[in-house]
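Me: Please walk me through the core and the charged pairs of this protein. Keep it brisk.

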Amino acid sequence: MATVRPDALLVDANTYGAATAAQSTGLPWATLVPSVLPYPGAGIPPYGMGLRPRTGPWGALRDAVLWKVVEKAFGKALLPGLNDVRRAEGLPALRSPLEYLTGADRVLVLTGEPLEYPRTDLPAHVRIVGGQPWDPPADEPAWLAEPGEPWVLVTCSTHYQGDEALAATAIEALRAEPVRVVVTLAGAYDSATPPQAPRVRVERFVPHAAVLARAAAVVCPSGMGIVAKAVGAGVPVVAVPFGRDQPEVARRVAQAGTGVVLPARRLDAARLRRAVRSAIALRDRARAVAATIPPGEAAAARFADAADELLGLRAGRSAPDTCPA
């Protein structure tokens, strides 16, 4: 910031130190939420528990009680360390983890329906801008276009979380099915030793868009990135959540009717094989849902509009004398 002297700041919600520094600059800034919005609202189930939405008075009571439970649990994990950082920057301590999303000038949520539940009471500073799909530049592998059975993409988390058991189980589950399988191990590539089988390729990384164009299904821990790409491409998902935001994202897949959920604690070859067959049977539904999602250009335009709002706020503020290095 000292070198570039920006007019506004966009900060990933997972970078707590950067968000704290942003708030201390006096510059307009936005928090980017790269998943579903972890914030209460009318008809919104408590975040992270993977619960179905419920209507009526009992649903409202369940949500009110469990949101308090979730808020307390996240606060216990997050606030002590975060508030130490905030005090060091001269900022007041947060009393609730929800306040982390109320301190920014804007919150940009990088998803939308069908994975984001419809909301009627969004805070005024929140913008749901839609998914922003992206693949690192890479050539499409020649083997991907070879004729044969449809592909099933099996992915492990990009940020290693010990989920290589999913890859091994998927290979055993699908070795006799009429599909080809590409397994991307990402952070587990150097340490995992998945079994070998005909029509199975094991790679560190393959561009997702290229595989999804030929895929019958995706098997994944239900990270937001691959789920958003699969849903947008009309490819049904087998969501096997291991942790983080994955139980919540998996529930959204099931609610949208674009895939099925298999809890990690129940993962075995027979159950996964049945789940893949069930997901493939949802292909028409997945394609119909994908057809309702605005094109990527529309989401990019909403993102740009939200960024322009920040620049508009900058025009009404005096420039800070200095920016922290």
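Reply: What follows is a set of questions and answers on a predicted model.

Me: Which element gives the most residues to the largest nonpolar core, and how many?
Reply: The largest nonpolar core has 30 residues. Several elements each supply at least two of them, including β5 (151-155), β8 (215-220) and α6 (246-256). The top contributor is α5, with 5 residues.

Me: Which residues touch the most other members of the largest nonpolar core?
Reply: The core has 30 residues to choose from. The ones that touch the most other members are Leu-153, Val-182, Val-218 and Val-227.

Me: Leaving aside its neighbours within four places in sequence, what is Leu-153 in contact with?
Reply: Set aside those neighbours, and a list of contacts remains. Among them are Thr-184, His-208 and Ile-226. The rest of the list is Val-182, Val-211, Leu-212, Ala-217, Val-218 and Val-219.

Me: How many residues are in the other core?
Reply: This core lies apart from the largest one. Its members include Val-179, Leu-185, Val-260 and Val-276. The number of residues is 25.

Me: How many salt bridges does a search of the whole structure find?
Reply: Side chains of opposite charge can pair when their charged atoms come close. Three residues, Arg-106, Arg-127 and Glu-309, are even linked in a network of salt bridges. For the whole structure, the search finds 14.

Me: Asp-7 and Arg-314 meet in a salt bridge. Which of the two is buried?
Reply: The pair links distant parts of the chain, with Asp-7 in the segment before β1 (9-12) and Arg-314 in helix α9. Buried means under 20% relative accessible area. Asp-7 has 43%, so Asp-7 is partly exposed. At 15%, the buried one is Arg-314.

Me: Are Lys-229 and Asp-135 buried or exposed?
Reply: Their side chains meet in a salt bridge, 2.7 Å from N to O. Lys-229 is in helix α5, and Asp-135 is in the loop between β4 (126-128) and β5, 94 residues apart. Buried means under 20% relative accessible area. Lys-229 has 18% and Asp-135 has 19%, so both count as buried.

Me: How many residues apart in sequence are the parts that Arg-214 and Glu-140 tie together?
Reply: These two form a salt bridge, with the closest N and O atoms 2.8 Å apart. Arg-214 is partly exposed at 31% relative accessible area, and Glu-140 is partly exposed at 43%. Arg-214 lies in the loop between α4 and β8, and Glu-140 in the loop between β4 and β5, so the parts tied together are apart in sequence by 74 residues.

Definitions and conventions:
Residues are numbered from 1 along each chain as its sequence is written. This is a predicted model: local features need pLDDT of at least 70, side-chain atom pairs count only at pLDDT 80 or more; totals for chains, interfaces and linings use all residues. Side-chain values use heavy atoms; hydrogens and water are left out. A nonpolar core is a set of buried Ala, Val, Leu, Ile, Met, Phe, Trp, Tyr and Cys residues joined through side-chain atoms within 4.5 Å. Buried means under 20% relative accessible area, exposed over 50%, partly exposed in between (1.4 Å probe, protein chains only). Helices (H or I, at least four residues) and strands (E, at least two) are DSSP runs, numbered from the N terminus. Contact means heavy atoms within 4.5 Å. A salt bridge is a side-chain nitrogen of Lys or Arg within 4 Å of a carboxyl oxygen of Asp or Glu.
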